[in-house]
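Here is a friendly walk through one protein model, from its charged pairs to its sheet, its core and its cysteines. Keep the structure open beside the text as you read.

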Amino acid sequence: MSYVIVRFVEPREVYIDDQAQGATWPRAASPRAVRRRRVHTFRLGGAADVDPPTQKLDVPERPILDPFCVAFHKC
């Protein structure tokens, strides 16, 4: 199991492998647990002003106290 944190400048719905995983906040997002596969697809809900629109990443094993960071930027 690995943990990831998804960051964006405003609250958006987080999708990991097309499954809703809650919302993200710019400073205090909760780590999400990802299991099984190492390659996961991340995207945000809402307006199409996100760069990149999706990210397919090989997620390394990371503990909850030091989660892997996935960052999206506003276009």
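## Charged pairs, sheet and core

Arg-62 has a relative accessibility of 25%, so Arg-62 counts as partly exposed. Please keep in mind throughout that this is a predicted model. The partner of Arg-62 is Asp-66: the two form a salt bridge, with their closest N and O atoms 3.2 Å apart. Asp-66 is partly exposed as well, at a relative accessible area of 40%.

How many salt bridges does the structure hold? The count is 7. Three of these pairs are set out here, with the N to O distance for each.

| Basic residue | Acidic residue | N to O distance |
|---|---|---|
| Arg-62 | Asp-66 | 3.2 Å |
| Arg-12 | Glu-10 | 2.8 Å |
| Arg-12 | Asp-49 | 2.7 Å |

Arg-12 deserves a second look, as its side chain meets that of Glu-10 and also that of Asp-49. The pair of Arg-12 and Asp-49 links distant parts of the chain, 37 residues apart: Arg-12 belongs to strand E2, while Asp-49 sits in the loop between E5 and strand E6 (50–51). Is Arg-12 buried or exposed? Its relative accessible area is 7%, so Arg-12 is buried. Asp-49 is buried too, with a value of 17%, whereas Glu-10, at 25% relative accessibility, counts as partly exposed. Together with Lys-74, the residues Glu-10, Arg-12 and Asp-49 are linked in a network of salt bridges.

Now to the sheet. Four strands, in the order E3-E2-E5-E7, form an open sheet with antiparallel pairing. Why do E3 and E7 each have one side without a neighbour in the sheet? Strand E3 (19–24) and strand E7 (54–58) stand at the edges and each has a single partner strand, so one side of each is left free of a sheet neighbour. On average, and ignoring direction, neighbouring strands of this sheet are turned by 25 degrees against each other. Strands of a sheet pair, in parallel or antiparallel fashion, through backbone hydrogen bonds. Between the antiparallel strands E5 and E7 there are 5 bridges, and His-40 stands opposite Leu-57 in E7.

What about the nonpolar interior? The largest nonpolar core has 13 residues, and those touching the most other members are Val-4, Val-6, Phe-42, Leu-44 and Phe-72. At least two core residues come from each of strand E1 (2–7), strand E2 (12–16), strand E5 (39–44) and strand E8 (68–71). Nonpolar side chains tend to be buried together in soluble globular proteins. Val-4 offers a good view of the surroundings: setting aside neighbours within four places in sequence, Val-4 is in contact with residues including Ile-16, Val-34, Phe-42, Val-59 and Phe-68. Among the other contacts of Val-4 are Ser-30, Pro-31, Arg-32 and Pro-67.

Finally, the cysteines. How many disulfides does a search of the whole structure find? The search finds 0. Cys-69 is in no disulfide, and the nearest cysteine sulfur, which belongs to Cys-75, is 18 Å away. Cys-75 is likewise in no disulfide, its nearest cysteine sulfur being that of Cys-69. A disulfide needs two cysteine sulfur atoms within 2.5 Å. As for accessibility, Cys-69 counts as partly exposed at 41%, while Cys-75 is exposed, with a relative accessible area of 66%.

Notes
Residues numbered from 1 in each chain as written. Predicted model: local features only at pLDDT ≥ 70, side-chain atom pairs only at ≥ 80, totals over all residues. Heavy atoms only, no water. Buried < 20%, exposed > 50% of the residue type's maximum accessible area, 1.4 Å probe, protein only. Core = buried A, V, L, I, M, F, W, Y, C linked by side-chain atoms within 4.5 Å. Contact = heavy atoms within 4.5 Å. Pairing = 2+ DSSP bridges. Axes fitted to C-alpha atoms, helices over the stretch in contact; angles between N-to-C directions. Salt bridge = Lys/Arg side-chain N within 4 Å of Asp/Glu carboxyl O.
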